[in-house]
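Take a walk through this model, one element at a time. The route begins with packed helices, then moves to the contact between chains and on to single residues.

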Amino acid sequence: MSNTIKHSIYFLLIMALQVLALNHMNLGGYLNPYVYVLFLLVLPVHINKSLLLLLGFTTGLCMDYFGNTLGLHASASVLLAFMRPSVIQLFFKNLDFSERESPMISRVGFMGFLKYTFVLVFSHHLLLFYLEVLSFTDGVQTLLAVLLSSLLSTAVIMILVLIFGSRKT
Amino acid sequence: MRNLFLFLKKNQFFVIFVVLQLVSLSLLFNSYSYHKSLSFNTVSDFRGMVFSSYDAIVDYFYLRAENEALVEENARLRSQQSVVVSDQDSVVGIHDTLYQYVAADVVSNTVHRRNNFITINKGKLAGVEKEMGVISGTGIAGIVIGVSDNYALIMSLLHQNAIISARIKKNQHLVNVAWKTRDHTTGMVIDIPSHIQLVEGDTILSSGNSLIFPKDIMIGTIIDHQKSASKGLEEATLKFSTEFNRLGHVYIIKNQHKEEQQQLLNPEQGSNE
């Protein structure tokens, strides 16, 4: 299966999960898992960097479309896409990835993928939540929401990757 | 010039990042203004369909609660009607021609975001237009800010730009209601003149000044009013009468004389608020 088609299918499945299920979770307002970033996390390591940014922007805009938050998720996702190459460089610089290979548990190990996911998810959520509130008046409360939501998003992503990851090549 | 292009090409990744961030942020800040969100929000039937297919499944779980709410509302309407008809028949006549109510189902609704929106399954084809008021069975719910053929997007009262002109029932003083708390059951009454003392249980109604909502629609009741030392306008906490967390059915209010009223108020340009 062509890589483009494979990742397009991931995109549709992950967006459907986010929009139809996770967006409706009401866990007291503190816990909003944003798992859709998984699509950006599992793109091939050697993807064209500019394309990566554009994909981040598009993914974010799709989320904004369903959540009436024009620009909010776009901004956070573009940040994630911008940080991804550096984070990969930081954590996995000893590994040689082939042309089409994605950072997967089978390749980078459970802890490796966990670190990679949490750092990027946390940065994404940090920008997202503060942009949404647009003030630092209840900064501690927001930080708590960022932290708890990041942990939840990371946990859900790890579960998804453990369930479906083994079948991905 | 050539150097500039070389520089841009060399730093392509960073430049694209900055450009995309600027686009995102400008979209975001535009959407935070009430008036801009009116022109910015494009509602499409596609999104409505996605939400209503989800809603069709989830709805079954809430049928019981929904039925109870409808029964309560029915009972209240019945009692109201008997009072009104015997009391002031002519007023009812005027109100009937002035306002028309369109019933709609909520297909999507959030309460935990900083800015919350409601999507309903009635749109242009049912006569819904932008800037129409939306009420639940128990009180004010929001304002329509976007319509497609079959769906409409509503700015919930739980939105930082939603400010409703209101009136204190006991003394008819004008105030405003805004959502400053992050709790979906309570909001703030703002701009209270400093000589007014509100007590727990005081009722806050819509003022009827805004062309969007008719007069005397319930907004909520006061739960706390702390007098501040300063002499300026004061704030009090109120409990919304609408239960945003279990919003199932809403009514859109069509003001038949809106254009006429608007022209009188503002002959130059037809904007309000």
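**Helix pairs, interface and selected residues**

Helix 3 of chain A and helix 4 of chain A are roughly antiparallel to each other, because their angle of about 155° is over the 145 degrees that this term requires. The model is predicted, and this pair is a place to start reading it. Helix 3 covers residues 49-67 of chain A, and helix 4 of chain A covers residues 72-91. Their axes lie 7 Å apart. The crossing of these two helices is right-handed.

Which residues of helix 3 of chain A meet helix 4 of chain A? From helix 3 of chain A come A:Lys49, A:Leu52, A:Leu53, A:Gly56, A:Phe57, A:Gly60, A:Leu61, A:Met63 and A:Asp64. On the side of helix 4 of chain A, the partners include A:Leu72, A:His73, A:Ala74, A:Ser77 and A:Val78. A:Ala81, A:Phe82, A:Arg84 and A:Pro85 are also among them. By class, the residues of this contact divide into 11 nonpolar, 4 polar and 3 charged.

Now move along chain A to another pair. Helix 6 of chain A spans residues 110-133, and helix 7 of chain A spans residues 139-164. They pack at an angle of about 140°, with 8 Å between their axes. Helix 6 of chain A and helix 7 of chain A are therefore oblique to each other. Helix 6 of chain A passes helix 7 of chain A in a right-handed crossing. The residues of their contact divide into 19 nonpolar, 8 polar and no charged.

Next comes the meeting of the two chains. Chain A gives 35 residues to the contact, and chain B gives 30 residues. About 3,100 Å² is buried between chain A and chain B. Carbon and sulfur atoms give 65% of that area. Which three residues supply more than any other three of the area that chain A buries against chain B? They are A:Tyr65, A:Asn68 and A:Leu70, which supply 20% of it.

B:Arg182 shows the meeting of the chains from the side of chain B. This residue sits in the loop between strand 7 (174-178) and strand 8 (186-192) of chain B. Beyond its neighbours within four places in sequence, B:Arg182 is in contact with A:Val133 and A:Asp138 of chain A. In chain B, B:Arg182 is likewise in contact with B:His112, B:Arg113 and B:Arg114. Its C-alpha atom is 9.7 Å from that of B:Asn115, a residue 67 residues apart from B:Arg182 along the chain. B:Arg182 is partly exposed, because its relative accessible area is 33%.

Step back to chain B as a whole. It has 7 helices and 12 strands. Of its 273 residues, 45% count as buried. Consider the contacts in chain B between residues at least 6 apart in sequence: 63% of them join residues at least 24 apart.

B:Tyr99 gives an example of such sequence separation. It is found in strand 1 of chain B, residues 99-109. B:Tyr99 and B:Ile253 are 154 residues apart in sequence, yet their C-alpha atoms are 6.4 Å apart in space. Leaving out residues up to four places away in sequence, B:Tyr99 touches B:Phe213, B:Pro214, B:Ile253, B:Lys254, B:Asn255 and B:Gln256. Is B:Tyr99 buried or exposed? It counts as buried, because its relative accessibility is 10% and the limit is 20%.

B:Thr119 lies in strand 2 of chain B, residues 117-120. This residue is buried, with a relative accessible area of 3%. Outside the residues up to four places away in sequence, B:Thr119 touches B:Phe51, B:Asp105, B:Val106, B:Val107 and B:Ser108, among others. B:Ala152 and B:Leu153 are also among the residues it touches.

Two backbone details close the tour. B:Gln172 is not a glycine, yet has a positive phi of about 65°. It lies in the loop between strand 6 (163-168) and strand 7 of chain B. With a relative accessible area of 39%, B:Gln172 is partly exposed. B:Asp191 is not a glycine either, and has a positive phi of about 60°. B:Asp191 lies in strand 8 of chain B. Its relative accessibility is 30%, so B:Asp191 counts as partly exposed.

Conventions. Residues are numbered from 1 along each chain as its sequence is written. Chains are lettered from A and ligands numbered from 1 in the order in which they are written. This is a predicted model: local features need pLDDT of at least 70, side-chain atom pairs count only at pLDDT 80 or more; totals for chains, interfaces and linings use all residues. Side-chain values use heavy atoms; hydrogens and water are left out. Axes are lines fitted to C-alpha atoms, for helices over the stretch in contact, and angles run from 0 to 180 degrees between N-to-C directions. Helices (H or I, at least four residues) and strands (E, at least two) are DSSP runs, numbered from the N terminus. Angles under 35 degrees count as roughly parallel, over 145 as roughly antiparallel, 65 to 115 as roughly perpendicular and the rest as oblique. A crossing is left-handed if the near helix is turned anticlockwise from the far one by less than a right angle, and right-handed if clockwise. Ala, Val, Leu, Ile, Met, Phe, Trp, Tyr, Cys and Pro count as nonpolar, Asp, Glu, Lys and Arg as charged, and the others, Gly among them, as polar. Buried means under 20% relative accessible area, exposed over 50%, partly exposed in between (1.4 Å probe, protein chains only). Contact means heavy atoms within 4.5 Å. Buried area is the accessible area (1.4 Å probe) that two parts lose on being put together, summed over both.
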